[in-house]
Amino acid sequence: MSLFLLRRFINYVILTLLATTFSYILASIFENPAARFLGRNPRPSNEVIARTLDQYGTNPNTPVLERTWHWFTQLVLHGNLGKEINGQPVVHDMIVRSGVSLQLLLIGAILGAILGVVLGVWGAVRQYRASDQAVTYLSFLVLSIPVYVIGVLLMIIATKFNEAIGINFINFTGQYTPGTSGFWSVLLDRLSHIVLPTIALTATSAASYSRYQRNAMLDVLSADYIRTARSKGRTRGSAMIRHGVRVALIPMSTFFAYSFGLLVTGSVFLETIFSWHGMGELALNSVTQNDINATTGSILYVAILILISSTLSQILYAALDPRVRI
């Protein structure tokens, strides 16, 4: 296990450096950091603009390869990703915002995976019955609606609910209410803010996972070893849980790793809608404001998350299938 993790760590460091470097080059080519100065009144002189861009290492008059080499050496030798257009170090902002985003991502991913597996197994066992048809139609309905529309619909429902009970029970702006004190008050306030984005993220991921898990479970239910287990006296439920669900979860673990990127994309929109100041907001602002260093930092964050989810997927795969050794 230790050797596996060490090999993975070295491979992932190389992959992360490659992905981040290519993203820096692409951002340097297609983003125009000087554009944010051109609309100002009075407009700064060309010398001031060039001097400012030089400070951030984003002057388009400097060759891209020269800027990339300077940026790469700063990253490798000092762990420095440069500064954002507001003068804030990118690494510092990433550390602060990552904590905010991970709250939403981890809770949404775990709840979505558990709910998706349960619904998928239930749908397969009760194939073509009313409950299976209801879950199928509801899943396709959720998958056909963009996550930001789901977020807005949840906000409308929460507003109606708050008006009906006469108090602001569900909050949907920001991560917390400033000035709240006391353990239980702070806990309830945090829960009231996180409930809507979590529901939106959980619903979209559970809808996707349930379809995949249902198909995987249907393949397993017709397998010979399930019939063999039944012939040895096991009940239908025992045969499915001890043999069926475990085998059906193996492809699901791989699907979870490679669908995690879509979950990160969904969280970008949800953070914007619910005014969460996380990595999604940083990524969106960096692109709209032509902030090359912040754009690269955002891509680095996504690359690290996907590689970590890939590693967890392989560990889960080995735990479910004894024939696989890592």
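Me: What makes the largest pocket a pocket, and what is its volume?
Reply: The largest pocket has a volume of about 380 Å³. A pocket is an open set of points on a 1 Å grid over the protein atoms alone, where a 1.4 Å probe fits, with protein on both sides within 12 Å along at least five of seven lines. The volume is the space filled by probe spheres set on the points, which are joined across faces, edges and corners. This is a predicted model, in which local features need pLDDT of at least 70 and side-chain atom pairs count only at pLDDT 80 or more, while totals for chains, interfaces and linings use all residues. Residues are numbered from 1 along each chain as its sequence is written, and side-chain values use heavy atoms, with hydrogens and water left out.

Me: Which residues line the largest pocket, and which helices supply them?
Reply: The lining holds 18 residues (each with an atom within 4 Å of a point). Ala113, Phe256, Ser309, Leu312 and Leu316 lie nearest the centre. At least two lining residues come from each of α5, α10 and α12 (292-320), and α12 gives the largest share, seven residues. Helices here are DSSP runs of H or I, at least four residues, numbered from the N terminus.

Me: Why is Thr136 called buried?
Reply: Buried means under 20% relative accessible area, exposed over 50% and partly exposed in between, with a 1.4 Å probe and protein chains only. Thr136 has 14% relative accessibility and therefore counts as buried. This residue of helix α6 has a side-chain polar contact of 3.2 Å with Arg211. A polar contact is a pair of N or O atoms within 3.5 Å; within protein, one must be able to donate a hydrogen and the other to accept it, and residues adjacent in sequence count only if both atoms are side-chain atoms.

Me: How do you know that Arg67 has no salt bridge?
Reply: A salt bridge needs a side-chain nitrogen of Lys or Arg within 4 Å of a carboxyl oxygen of Asp or Glu. For the buried Arg67, the nearest side chain of opposite charge, Asp54, is 7.8 Å away; the criterion is therefore not met. Arg67, in helix α4 (residues 64-78), has a polar side-chain atom 3.2 Å from the backbone oxygen of Asn59.

Me: Why is Tyr128 called exposed and Ser275 partly exposed?
Reply: Tyr128 has a relative accessible area of 60%, and is therefore exposed. Ser275 has 29%, and is therefore partly exposed. Tyr128 lies in the loop between α5 (90-125) and α6 (130-144), with phi near 70 degrees.

Key: Lys and Arg count as positive and Asp and Glu as negative; His and the chain ends are not counted.
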